[in-house]
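Here is a quick walk through one model, taken piece by piece. Have the structure open as you read.

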Amino acid sequence: MSDTKNLRVLLAKRPQGAPTAEHFRFEETQLPEPSEGQVLLKILYLSLDPYMRGRMSDAKSYAKPVELGDVMEGGTVAEVVESRSEAFKPGDIVLSHSGWQSFAVADAKGLRKLDPATVPVTTALGIMGMPGFTAYSGLLTIGQPKPGETVAVAAASGAVGSAVGQIARIKGARAVGIAGGPEKCAFMRDELGFDAVVDHKAADFAERLAAACPDGIDVYFENVGGHVWDAVMPLLNEFARVPVCGLIAQYNTPEAKEADRLPALMRSVLTRSLSIRGFIQREFMDQRRQFYTDMSEWIASDRVRYREDIVDGLRNAPEAFKGLLEGRNFGKLIIKVA
Ligand SMILES: NC(=O)c1ccc[n+]([C@@H]2O[C@H](COP(=O)([O-])OP(=O)(O)OC[C@H]3O[C@@H](n4cnc5c(N)ncnc54)[C@H](OP(=O)(O)O)[C@@H]3O)[C@@H](O)[C@H]2O)c1
C-alpha cells in the first residue's frame with residue numbers, strides 16, 4: 001500500500017447556479033494513518049444525493065456547508081483495510097460517511113458493519129439506507145396513507161420516490177408517480193407497479209395529472225416543487241397531507257424570482273384544511289430499527305423493488321452529480337470508487 005495514493009474531490013468554488021467541473025478540484029495525497037480506535041477504509045461505493053448541492057452553498061440551512069478546500073461530504077460503503085479497533089477486522093464491509101475520496105480514516109464507533117450475504121452492499125446507500133428511510137418515515141409519519149386514498153409522488157423513479165409509491169401501495173393506497181420521460185414512466189408502471197404514471201415533461205402535464213387522479217390527491221409527497229407543485233396543488237383534497245421532503249427544482253436557482261403565490265397557498269391551506277409539514281429524515285431516527293425489519297421483508301417478498309444507477313470511477317462524480325440535478329440519473333445514483 002506504500003505507494004497507493006488517496007484521490008480526493010474537494011470543493012473548489014461555491015456554485016451560483018448548476019455545479020460544473022470548475023466547482024470541484026481533484027487532489028492526490030498520502031494515505032491517512034488510523035489512530036487507536038480507528039480504521040483505515042478503502043471506499044468501494046460513494047452515494048450521490050441532492051442534499052450535496054445544499055452543502056456546496058454557504059446559505060443558512062439545516063446542516064453546515066462543506067468548507068472551500070474540504071473533501072465533499074457523502075455516504076460511502078467501504079472495506080476495512082487496516083484496523084486499530086477490536087470491533088472491525090480487515091476485509092469487513094462497512095457503511096461510513098467518508099465523502100468523495102478513495103481512502104479514509106474513520107472512528108470505529110461511527111461505522112455499521114454490512115453483511116454482503118444478505119442484500120447487495122450498495123443498498124445501504126439506497127433502498128436500505130438514508131433514501132429508503134426518508135421515504136418510509138416521511139410517508140408513514142406525516143403522509144399517513146389510508147386504504148383507498150390517492151398518494152402522488154414526484155421524482156418517482158428515483159431513490160426516495162420509488163420507495164414512497166411502493167410503500168403507499170403496501171398500505172392499500174393508490175400510487176400515482178410523476179417522473180420525467182417515457183422510459184422512467186414505463187419503469188414505474190411495469191416494474192414498480194404504480195397505479196398511474198404521469199410525465200412532467202408533457203406539454204399538457206397538469207391535465208394528465210388531473211386525469212390520473214379522478215378522486216383528487218390525499219397525500220402528496222413533495223420531492224420537487226416548481227411546475228410539479230403547481231399542477232398538484234389544485235388537486236389536493238380536503239385534509240390532504242403534504243410531507244415536504246425536497247425541492248430539487250429550486251436547488252440550482254435559489255434566488256429565482258417567482259410570482260407571489262403565498263396568498264393562494266394560504267387560502268388553500270385554510271379552506272381545504274391542508275397539512276403541509278417539512279422534515280429531515282434524521283428526526284425520525286427512532287424508527288430506524290423498524291424500517292430495517294419492514295424494508296428487508298418487503299424486498300425479500302418482492303413487494304419493494306429498487307433500481308440503482310452505478311457510474312464507474314470517482315473522477316466521474318462531478319459530472320454524474322450535475323446530471324442528478326437535471327434528471328439524468330435513472331434510479332439511486334452511486335459511484336463505484338473501487
Ligand atoms: N428531507 C430529507 O430528509 C431528504 C432525504 C433524502 C432526499 N431528500 C430529497 O428527496 C428528493 C429526491 O431525492 P433522491 O435522492 O431520491 O433523488 P432522485 O429522485 O434519485 O434523483 C433526483 C430526481 O429529481 C428529478 N428532478 C430534478 N430536477 C427536477 C425538476 N426541475 N423538476 C422535476 N423533477 C426534477 C429528476 O427526476 P425526473 O427525471 O423524474 O424529473 C431526478 O432524477 C430530493 O428533493 C432530495 O433533496 C430529502
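## Around the ligand

A residue counts as near a molecule if its C-beta atom, placed from the backbone, lies within 6 Å of it. Keep in mind that this is a predicted model. On that basis the ligand is surrounded by 31 residues. Gly158, Ala179, Gly180, Gly246 and Gly327 are the closest of them.

Which helices help build this shell? At least two residues each come from α2 (130-143), α3 (159-170) and α6 (226-232). The largest share, three residues, belongs to α3. Sorted by class, the shell has 16 nonpolar, twelve polar and three charged residues. Both domains chip in, too: domain 1 (5-126 + 307-336) and domain 2 (130-283) each give at least three residues to the shell around the ligand.

## Two domains

The domain assignment splits the chain into domain 1 (5-126 + 307-336) and domain 2 (130-283). Going by C-alpha atoms, the centres of domain 1 and domain 2 sit 29 Å apart.

How many residues meet across the two domains? From domain 1, 15 residues are in contact with 16 residues of domain 2. The side of domain 1 that touches domain 2 is made up of six nonpolar, six polar and three charged residues.

## The parallel sheet

Now for the strands. An open sheet is formed by six of them, running β10-β9-β8-β11-β12-β13 with parallel pairing. At the edges you'll find β10 (196-199) and β13 (275-278), each of which pairs on one side only. From one strand to the next, the twist averages 15°.

Zoom in on the β10 end. Strand β9 (residues 174-179) pairs with β10 in the parallel sense, over four bridges. One spot to look at is Gly177, whose bridge partner in β10 is Val197. Helix α5 (residues 205-212) packs on the sheet here, where α5 touches β9 and β10. The direction of α5 makes about 175° with that of β10.

## Where α2 meets α8

Back to α2, one of the helices that supply at least two residues of the shell around the ligand. Helix α2 also packs against helix α8 (residues 288-300), with the axes 10 Å apart and an angle of about 105° between them. Angles of 65 to 115 degrees count as roughly perpendicular, so that is how α2 and α8 lie to each other.

Which residues make this contact? On the α2 side they are Gly132, Phe133, Tyr136 and Ser137, and these meet Arg288, Phe291 and Met295 in α8. By class, the contact of α2 with α8 comes out as four nonpolar, two polar and one charged residues.

Definitions and conventions: Residues numbered from 1 in each chain as written. Predicted model: local features only at pLDDT ≥ 70, side-chain atom pairs only at ≥ 80, totals over all residues. Nonpolar A, V, L, I, M, F, W, Y, C, P; charged D, E, K, R; others polar. Domains from an automatic or database assignment. Axes fitted to C-alpha atoms, helices over the stretch in contact; angles between N-to-C directions. Parallel < 35°, antiparallel > 145°, perpendicular 65-115°, else oblique. Contact = placed C-beta atoms within 7 Å. Pairing = 2+ DSSP bridges.
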